[in-house]
Amino acid sequence: MDFYGFYTGQVFDACQYLGAHPGSSGEVFFRTFAPNAAHVSLLYHEKELPMAKTADGNFYEIMLTDTIPGTAYEYRIYRADGRWTDHCDPYGFAMELRPAHRSLVSGRNNYTFHDEKWMQTRTICQDRPLNIYEMHLGSWRRKGSGEWYHYSEIAEPLAEYLTESGYNYVEFLPVSEHPCDESWGYQNTGFFAPTARYGTPDELKQLIDKLHQHDIGVILDFVPVHFALDAYALSNYDGTSLYEYPHSAVGISEWGSCNFMHSRGEVRSFLQSSANYWLEEFHFDGLRMDAISNMIYWQGDRKRGVNGNAVDFLKTMNRGLKERHPNCILIAEDSTDFPGVTLSTDQGGLGFDYKWDLGWMHDTLEYFQLPPECRTEQYHKLTFSMMYFGNERYLLPLSHDEVVHGKATIAQKMNGPYAQKFPQARAMYLYMAVHPGKKLNFMGNEIAQLREWDEKREQDWSLRTYPIHDSFYRFMSELNQIYLTHSALYENDYKENGFTWLDCHQEKKQIYALLRTSSKEKLAAIFNFGNRCQNDYVLPVRQVKKVTLLLHTDWEKYSGTVSENQACFQIMKNEIVCNLAPFSGMLLQLSPEALP
């Protein structure tokens, strides 16, 4: 390892040196970084084995022979006053299943991938479709006994489901080891260890490999901001605040966890090495980085000012990851208006490929929660996003955060009684599909789940025995397939010529119309988000010779009111005349020469 680089925050491979590394003859080398410890011992097979201090005095190491993979170990770290604390290995590659928490000896490079074609051809999808299915591995499906499926067990059914449902990427909520199920993986104790809840590191590799063989990309939710308080993990690791801030004013996050001190080179090297490890070792195709707002500003509070050290760390990490993995996708969850989040680091930006458009998400959901009679006053909640869309490369998320903690699920948020929620949800999802920006939808949304997400149980798959829910799934699947196969919906997401408002001044009627274009086609979407029919609506379109109805959200096959054979529009001279059902949307393919 480059020790100078480690101390100055330039290293991306610290896990090659630190942690437990099996040798070729059955030996294992254990190393840990504990510069302020009085001394350190390895706890192995119920024995306490003193570790030797390295030449610079900041690392401790020991070599054992005849070790067995899967054997548990810890470090006993002594302070100057003689007290000690037992810690798992910060660089450990596997851990015991909670509530146990020791690290496990685990060899690397034991799995042979078969995804060469995928790895050679993957891209960041800037001009390609990116339709992400966000999921929590422990509550997508459960065994009949209520137990979790292992990574390898869920691989084939998940790949088949994603393909059938029209998603070409999946994003896993954090799978790094964590002690509390209720944290969903966002309060980590093992930044290099896949959680033992779902099996071994090799089984996780098998899952990713299988998904790649089905042409499905895999994104990992990565947490570079904070870590769990548990005494056996990173907190006060060597008897001092080695990874965290020493003062609670900035050291404790809003979630009650410890904030990483990003000004320390050793912390930077730790996090950069972790991020690189998931991409390199497991073939993840990208990282969605959690709570970036809390790194840009101190404690996420703009009034406290910019945290320059954390911002500099993000630039360094993203630059280094892109140098090593040019086609990996880096996504920021950021609710601020801090400029240049998706600008390259060479141009002074943070170097992310995409940023969650949380403004779009809030405005859209708030609009559909309104009674129809109130939507006139809030009409431009749905047009405002395009006022700032050119500032960044945005991704549209309807994520796990929007279906928990009393917020209601996406379908349940729709205004009105049960039956009225479905046509509105269908129309809203078409609006999401035709809006510029890549897409993310949380599991369960595709079946119009009405129960808030609970990490302790699987999704309510029995809903599909009810026709209205099954037809909603059919709608979502067919809409997703349209998104994946029609270039107008993704090719020019971040170019001015990719989107045009055809009509965004129908406040009283709550009608919207827009145009999406690519090098191959032109698609128009027309919406009636009011609760009344709007007949003979005129959409001016010059030189239109042919119009094909690709999808109507109110078709009977989706539990709507409109027959597929029913004429919903007429082509007149330089205009399309439409009959718009309440709470509905239509997607039209126009002849190439058509002009707005």
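Which residue in S21 stands opposite Pro-397? Leu-440 does. I will come back to that pair after some ground rules.

This is a predicted model, in which local features need pLDDT of at least 70, side-chain atom pairs count only at pLDDT 80 or more, and totals for chains, interfaces and linings use all residues. Residues are numbered from 1 along each chain as its sequence is written, and side-chain values use heavy atoms, with hydrogens and water left out.

Now some vocabulary. When I say helix or strand, I mean a DSSP run, numbered from the N terminus: H or I with at least four residues for a helix, E with at least two for a strand. Two strands pair if DSSP finds at least two bridges between them. Buried means under 20% relative accessible area, exposed means over 50%, and partly exposed is in between, with a 1.4 Å probe and protein chains only.

Back to Pro-397. Pro-397 belongs to strand S20, where it is buried together with Leu-395 on one side, while Tyr-394, Leu-396 and Leu-398 are buried on the other. In a regular strand, side chains alternate between the two faces of the sheet. S20 covers residues 394-398, and 5 of its 5 residues are buried. S20 pairs in the parallel sense with strand S21, residues 438-442, over 4 bridges. Strand S19, residues 354-356, also runs parallel to S20, and 2 bridges join them. There, Trp-356 stands opposite Leu-395.

Next, two other covered strands. Strand S13, residues 190-194, has 5 of 5 residues buried, so it is largely enclosed by the rest of the structure. S13 pairs with strand S12, residues 176-177, in the antiparallel sense over 2 bridges. Ser-176 has Pro-194 in S13 as its bridge partner.

Strand S29 runs from 584 to 590, and 6 of its 7 residues are buried. S29 has an antiparallel pairing of 7 bridges with strand S24, residues 522-528, in which Ala-524 is partnered by Leu-588. S29 also pairs with strand S26, residues 547-552, again antiparallel, over 5 bridges. Here Val-547 is partnered by Leu-590.

What is the strand order in the open sheet of 4 strands? It is S1-S2-S6-S5, with antiparallel pairing. The edge strands are S1 (19-22) and S5 (52-53), each of which pairs on one side only. S1 meets S2, residues 28-33, over 4 bridges in the antiparallel sense, and Gly-19 stands opposite Arg-31.

That leads to the interior. A nonpolar core is a set of buried Ala, Val, Leu, Ile, Met, Phe, Trp, Tyr and Cys residues joined through side-chain atoms within 4.5 Å. The largest one has 187 residues, and Phe-30 and Phe-172 have the most contacts inside it. Its largest share, 10 residues, comes from helix H13, residues 418-434. A second, separate core has 5 residues, among them Cys-88, Met-95, Ala-193 and Ala-233.

Contact means heavy atoms within 4.5 Å. Leaving out residues up to four places away in sequence, Phe-30 touches a list of residues including Gly-19, Leu-42, Tyr-60 and Val-105.

Another residue to find on your screen is Met-317, in helix H9, residues 308-324. Buried or exposed? Met-317 counts as buried, because its relative accessibility is 0%. Outside its neighbours within four places, Met-317 is in contact with residues including Phe-12, Phe-222 and Met-289. Met-317 and Val-11 are 306 residues apart in sequence, yet their C-alpha atoms are 9.4 Å apart in space.

Last, the pockets. On a 1 Å grid over the protein atoms alone, a pocket is an open set of points with protein on both sides within 12 Å along at least five of seven lines, and lining residues have an atom within 4 Å of a point. Grid points are joined across faces, edges and corners, and a volume is the space filled by probe spheres set on the points.

The largest pocket has a volume of about 550 Å³. Its lining has 25 residues, and Trp-255, Asp-290, Ala-291, Glu-333 and Asp-401 are the closest to its centre. Helix H10 gives the most to this lining, with 3 residues.

The second largest pocket has a volume of about 320 Å³. It is lined by 17 residues, with Trp-118, Asn-168, Tyr-169, Asp-215 and Ile-216 nearest its centre.

Note on methods. 1 Å grid on protein atoms, 1.4 Å probe; cavity = no way out; pocket = protein on both sides within 12 Å on 5 of 7 lines; lining within 4 Å.
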